[in-house]
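Trainee: Before we look at anything in detail, could you take me through how one reads a model of this kind, feature by feature?
Mentor: Gladly; let us put it in front of us and begin.

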Amino acid sequence: MTQVTSMVLVPYPAHGHITPMLRLARALRSLGITSIVALPDFMHRNYNSTDDQVIIEPIPSGFKENDDAKDFFSIDASMEKIMPGNLERIVRELEFAGGVACLVVDLLASWAVGVGQRCGVQVAGFWPAMFATYRVVFAIPELILNGFISECGIPILHHHHKINQDIILERDLLTSNQAKLSTKDLPWLVGEPSSQKSRFAFWLRVINRTRSLPWILINSFPKEDNNKITILPSLLSNHQLQTFHVGPLMLSINDKKILMNNINNSSNKKEHDKSIIQWLEKQEPCTVIYISFGTWVGPIAKEKIIELAMALEEAKRPFLWVLKEEKQWREGLPEGYLDRNAKKGKVVAWAPQEEVLKFQAVGCYLTHCGWNSTMEAIRHEKRLLCYPISGDQFVNCNYIVGVWGIGIKLEGLERGVILDGIEKIMVGREAEMIQKKVSEMKVRVMGDEEICATASNLESFVEVVREANSG
Ligand SMILES: O=c1ccn([C@@H]2O[C@H](COP(=O)(O)OP(=O)(O)O[C@H]3O[C@H](CO)[C@@H](O)[C@H](O)[C@H]3O)[C@@H](O)[C@H]2O)c(=O)[nH]1
């Protein structure tokens, strides 16, 4: 019999997955649970814990220290072949030292489910994004059955259904009417058809390994579909899956004092962040455009960066642009651009995003619609200009624009389109309406009631784990 005193948390190795997991660790700590967050060694290097109840443990991954050739597929190979044995060793040592009550596994790190099972430890799932995306993924069998996609995950066009070449997914199957998800929004449709098929195979593996998990913690808020809570019929018929929405609680946790985040490679992070803050302090309220495409998406075409750069210049508004230092991201910057715009615009490789979004000066956020960024924007009541790039970002964008009305979608990255979008989101009637919606949304997501409700969801989760361990 194991007491519920420690849990091992296994995020997918990307910043947008690790951050919420670390916050979960902090939240569990306040319930008296020691959390061991297990990260592949190449990510472990970027994080530090100064809290003895949140331990960050490296999993040997097989990558060499300076191996830059890490992409979705090479990381996948390491997760499948190398990390399981190494995590198993860590869990067994912990078992020996006093016990592990539960392994909390990001569903995208489904490789770790088998480790829990082999070690005889309870396994819970963690879903880092919207529940709507979870429903889309777990509806794959229905999508195939209903002829929306092929067995390889590729959309099938039906002429009688055609709307802009895309099929709108049936309303009751997946989502609220307003989200109007279409097959082009499916999260595995990234890159060439061969990459789409491999990503689809990745998701099939996720479903197979995780569909029998009894509990899933969800990093989102309960009322995603406005006030309607939707659940897939097949999920309902599926054993007794218990879902615990914990997103607002996670977001309300301040991890700054405990977890030092070194993801910014700049040798002097403090100075770097300070210069951004000082620049923001000088800007007038609601004037700055903040631009960031998160941490995980691959570089976008050089031509698009050129268009974006020119549009920002022409917009004649102050901007803070997070643009990674890698050549593929920066080569689109026109010559002399940084100097020419030095007064009005700041281009940085990394920004302390939560700090930035807090500023009144920030008028809008041009975003890739990553889930964490979306939640953070809601928290700080910022209007969104959306340019989804891959994965779940299309689903998120549909909700941001169509269901919650807190943003506008850019239908391309041409200069004219961007300029138009900037005008609409920054000034005028539509901008005012959107601002009103964002403020209402903040209450719906981050109000006291929601934080309390999600805190009690986490307590219930700990309770069921406790029962399972004593049963
Ligand atoms: O300069 C930066 C850039 C990012 N961030 C932070 O990094 C996180 C980024 O997370 P997110 O917005 O979710 O984007 P990604 O890192 O791209 O996240 C991946 O993981 C998410 C959760 O599964 C998905 O929703 C995204 O589509 C996927 O790209 C946020 O907390 C940001 O505040 C910073 O602090 N500074």
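What follows is a conversation about the ligand, the nonpolar core and a few individual residues.

Mentor: Keep in mind throughout that this is a predicted model, in which local features are considered only at pLDDT of at least 70.

Trainee: How should I read the surroundings of the ligand, and which residues are the closest?
Mentor: One begins by listing the residues around it. Here 20 residues surround the ligand, and the closest are Thr295, Ala351, Ser373, Glu376 and Asp392. By character, the residues of this shell divide into 6 nonpolar, 12 polar and 2 charged.

Trainee: Which helices supply at least two residues of the shell?
Mentor: Both α1 (15–29) and α17 (371–379) do so, and α17 gives the most, with 4 residues.

Trainee: Where does the ligand lie with respect to the domains?
Mentor: The idea is to ask which domains contribute to the shell. Since domain 1 (6–135 + 184–252) and domain 2 (263–446) both give residues to it, the ligand lies between them.

Trainee: Which polar side chains should I inspect around the ligand's oxygen atoms?
Mentor: Look for pairs of polar atoms and read their distances. For Asn372, an N or O atom of the side chain is 2.8 Å from an oxygen atom of the ligand, while for Gln353 the corresponding distance is 3.3 Å. In His15, a polar side-chain atom lies 3.5 Å from a ligand oxygen atom. As for the ligand's surface, taken alone the ligand exposes 690 Å², and the protein buries 94% of that.

Trainee: How do I read a nonpolar core, and which of its residues touch the most other members?
Mentor: The general background is that nonpolar side chains tend to be buried together in soluble globular proteins. In this model the largest nonpolar core has 156 residues, among which Trp321 and Phe461 touch the most other members. Helix α1 provides the largest share of this core, 7 residues. Domain 1 (6–135 + 184–252) and domain 2 (263–446) both contribute residues to the core, so it lies between them.

Trainee: What should I do with a positive phi in a residue other than glycine?
Mentor: Note where the residue sits and whether it is covered. Lys316, with phi near 55°, is found in the loop between α13 (302–315) and β11 (319–322), and it is exposed, with a relative accessible area of 66%.

Trainee: Is Cys369 buried or exposed?
Mentor: Cys369 is buried, with a relative accessible area of 0%. Its phi is positive too, at about 70°, although it is not a glycine, and it lies in the loop between β13 (362–367) and α17.

Trainee: How do I read a link between positions that are distant in sequence, and what does Asn469 show?
Mentor: Compare the separation along the chain with the separation in space. The C-alpha atoms of Asn469 and Cys102 are separated by 8.7 Å, although the two residues are 367 residues apart along the chain. Asn469 is found in helix α21 (residues 448–470) and counts as buried at 11% relative accessibility, the cut-off being under 20%. A polar atom of the Asn469 side chain lies 3.0 Å from the backbone oxygen of Ala101.

Trainee: And which backbone atom does the side chain of Ser61 reach?
Mentor: The side chain of Ser61 reaches the backbone nitrogen of Phe63 at 3.2 Å. Ser61 is found in the loop between β4 (54–59) and α3 (72–81), and at 1% relative accessibility it counts as buried.

Notes
Residues numbered from 1 in each chain as written. Predicted model: local features only at pLDDT ≥ 70, side-chain atom pairs only at ≥ 80, totals over all residues. Heavy atoms only, no water. Near = heavy atom within 4 Å. Polar contact = N/O pair within 3.5 Å; in protein donor to acceptor, adjacent residues only side chain to side chain. Areas by Shrake-Rupley, 256 points an atom, 1.4 Å probe, with all protein chains shown as cover. Nonpolar A, V, L, I, M, F, W, Y, C, P; charged D, E, K, R; others polar. Domains from an automatic or database assignment. Core = buried A, V, L, I, M, F, W, Y, C linked by side-chain atoms within 4.5 Å. Buried < 20%, exposed > 50% of the residue type's maximum accessible area, 1.4 Å probe, protein only.
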